[in-house]
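Colleague: Before I use any of the labels on this model, I would like to hear what stands behind them.
Modeller: Ask about them in turn, and each value will be set against its definition.

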Amino acid sequence: MAERRIGIVMHGITGRMGLNQHLIRSIVAIRAQGGVALANGDRLIPDPILVGRDAGKVEAIAKAHGIERWTTDLGAALSNRSDEIFFDAATTQMRAELIGRAIDAGKHVYCEKPISDKLHVALALARKAKAAGIKHGVVQDKLFLPGLKKLAMLRQSGFFGRMLSVRGEFGYWVFEGDWQPAQRPSWNYRKKDGGGIILDMLCHWRYVLDNLFGEVKSVSCLGATHIPTRVDEQGRKYEADADDAAYATFELEGGVIAQVNSSWATRVRRDDLVTFHVDGTHGSAVAGLTKCWTQHRVNTPKPVWNPDIPQTIDFFGTWEEVPDNWPSGNGFKEQWEMFLRHVAEDGPWKYDLVEGAKGVQLAELGLKSWQERRWLDVPALEI
């Protein structure tokens with residue numbers, strides 16, 4: 001067994017997602033476990049260089065997590081041929097340009113979503129990567145959540161029979177920032193900064209729906225800005241002009257109907273911050289981030305509508321939990337390990353820039369549907 005180094009230029013690690021999920025819980029964790037096991041028994045050790053504009057912040061993060069290399073010079077980092085991968089978790093508006101520069105420098109690229117706020121830009125990026133012959137990927141973390149992996153197992157086992165419908169509920173109350181600090185950065189609520197829940201979450205729902213329930217064929221979406229004024233990180237009031245809620249219905253392959261509500265202006269009274277309720281002819285399931293419950297046709301109670309007497313059935317008690325029969329770690333880390341194997345030994349991989357462009361396509365159609373108040377078909381993309 002030998003150790004093999006792989007250099008990664010990591011941009012955007014001072015932000016919440018870049019720091020917590022990608023650096024600390026993924027790359028630092030992979031280094032701590034001794035790298036990624038390859039098929040030949042070797043261990044692939046990530047060697048990141050952290051890149052950011054604020055030298056003090058980047059240096060402090062590097063020192064705190066045992067990272068030797070950091071810089072404020074992205075151009076110099078991209079020119080270093082010993083670093084094979086470029087990763088970006090910074091702002092959406094900058095992403096396409098940065099990924100394009102990395103492709104021109106011959107880097108394999110991996111990035112957060114959305115890859116752009118415009119479909120034509122996302123498609124151009126996917127075509128550029130294809131022409132360059134580099135490996136490329138987009139974070140699609142929710143597919144690696146334990147609860148959704150259990151849903152995938154149920155579908156593959158035939159548990160649902162013919163799938164009928166999916167109801168998704170996502171969101172929580174994001175404080176306005178006046179008497180309690182907001183849990184999300186203020187840019188999320190400004191259009192000019194790439195904010196809006198439709199652009200953010202419909203990119204997620206595209207890969208979740210496509211992979212777990214059926215390819216998305218059409219969409220009807222209604223957005224809303226429920227909280228029009230918020231307070232930013234400096235305590236200043238600002239106009240929140242981006243959508244903070246989206247109510248979307250999707251027609252999926254096979255006639256499945258999916259309804260997904262996304263909101264940063266709702267209070268949670270359900271099993272988790274996101275839940276998916278799936279109904280089929282043979283059984284139903286409800287999944288959150290980690291847990292999943294099922295009800296088969298032979299275990300389904302027989303309620304009778306009678307509003308004159310209290311309900312006697314404990315509906316929650318009639319469901320069975322799917323056991324944790326396999327270990328599950330951090331989903332971001334799991335996808336990182338897959339991408340590193342893909343680069344190092346051509347391991348299996350499907351979450352490329354084309355899949356990222358599909359998410360941008362659905363978000364763009366969702367915004368158009370809201371504007372025009374009508375259903376829109378989702379055509380196949382030509383790359």
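Colleague: Why does Asp-346 count as exposed or buried?
Modeller: Exposed means over 50% relative accessible area, buried under 20%, and partly exposed in between, with a 1.4 Å probe and protein chains only. Asp-346 has 54% relative accessibility and therefore counts as exposed. This is a predicted model, in which local features need pLDDT of at least 70 and side-chain atom pairs count only at pLDDT 80 or more, while totals for chains, interfaces and linings use all residues. Residues are numbered from 1 along each chain as its sequence is written, and side-chain values use heavy atoms, with hydrogens and water left out.

Colleague: Where is Asp-346 found, and what is its phi?
Modeller: Asp-346 is in the loop between helix 8 (331-345) and helix 9. Its phi is near 60 degrees, a positive value in a residue other than glycine. Helices (H or I, at least four residues) and strands (E, at least two) are DSSP runs, numbered from the N terminus.

Colleague: What makes Arg-373 exposed?
Modeller: Its relative accessible area is 69%, so Arg-373 is exposed. Arg-373 lies in the loop between helix 9 and strand 18 (376-377), and has a positive phi of about 55 degrees although it is not a glycine.

Colleague: Why is Thr-294 called buried?
Modeller: Because its relative accessibility is 12%, Thr-294 counts as buried. Thr-294 sits in strand 16. Leaving aside residues up to four places away in sequence, Thr-294 touches Leu-154, Phe-159, Ser-284, Ala-285, Trp-319, Glu-320 and Val-322, where contact means heavy atoms within 4.5 Å.

Colleague: How do you know whether helix 4 is roughly parallel or antiparallel to helix 5?
Modeller: The axes of helix 4 (residues 92-104) and helix 5 (residues 119-132) come within 10 Å and cross at roughly 10 degrees. That makes helix 4 roughly parallel to helix 5. Angles under 35 degrees count as roughly parallel, over 145 as roughly antiparallel, 65 to 115 as roughly perpendicular and the rest as oblique. The axes are lines fitted to C-alpha atoms, for helices over the stretch in contact, and the angles run from 0 to 180 degrees between N-to-C directions.

Colleague: Which residues meet between helix 4 and helix 5?
Modeller: Ala-96, Ile-99, Gly-100, Ile-103 and Asp-104 in helix 4 meet Val-121, Leu-125, Lys-128, Ala-129 and Ala-132 in helix 5. The contact of helix 4 with helix 5 has seven nonpolar, one polar and two charged residues. Ala, Val, Leu, Ile, Met, Phe, Trp, Tyr, Cys and Pro count as nonpolar, Asp, Glu, Lys and Arg as charged, and the others, Gly among them, as polar.

Colleague: What makes a set of points a cavity, as opposed to a pocket?
Modeller: On a 1 Å grid over the protein atoms alone, a 1.4 Å probe fits at the points of a cavity but cannot get out, whereas a pocket is an open set with protein on both sides within 12 Å along at least five of seven lines; lining residues have an atom within 4 Å of a point. The whole structure has one cavity of 30 Å³ or more. The largest cavity has a volume of about 40 Å³, the space filled by probe spheres set on grid points joined across faces, edges and corners.

Colleague: Which element gives the most to the lining of the largest cavity?
Modeller: Helix 9 does, with four residues. Lys-113 and Pro-114 are among the lining residues, and a cis peptide bond joins them, with omega about -10 degrees.
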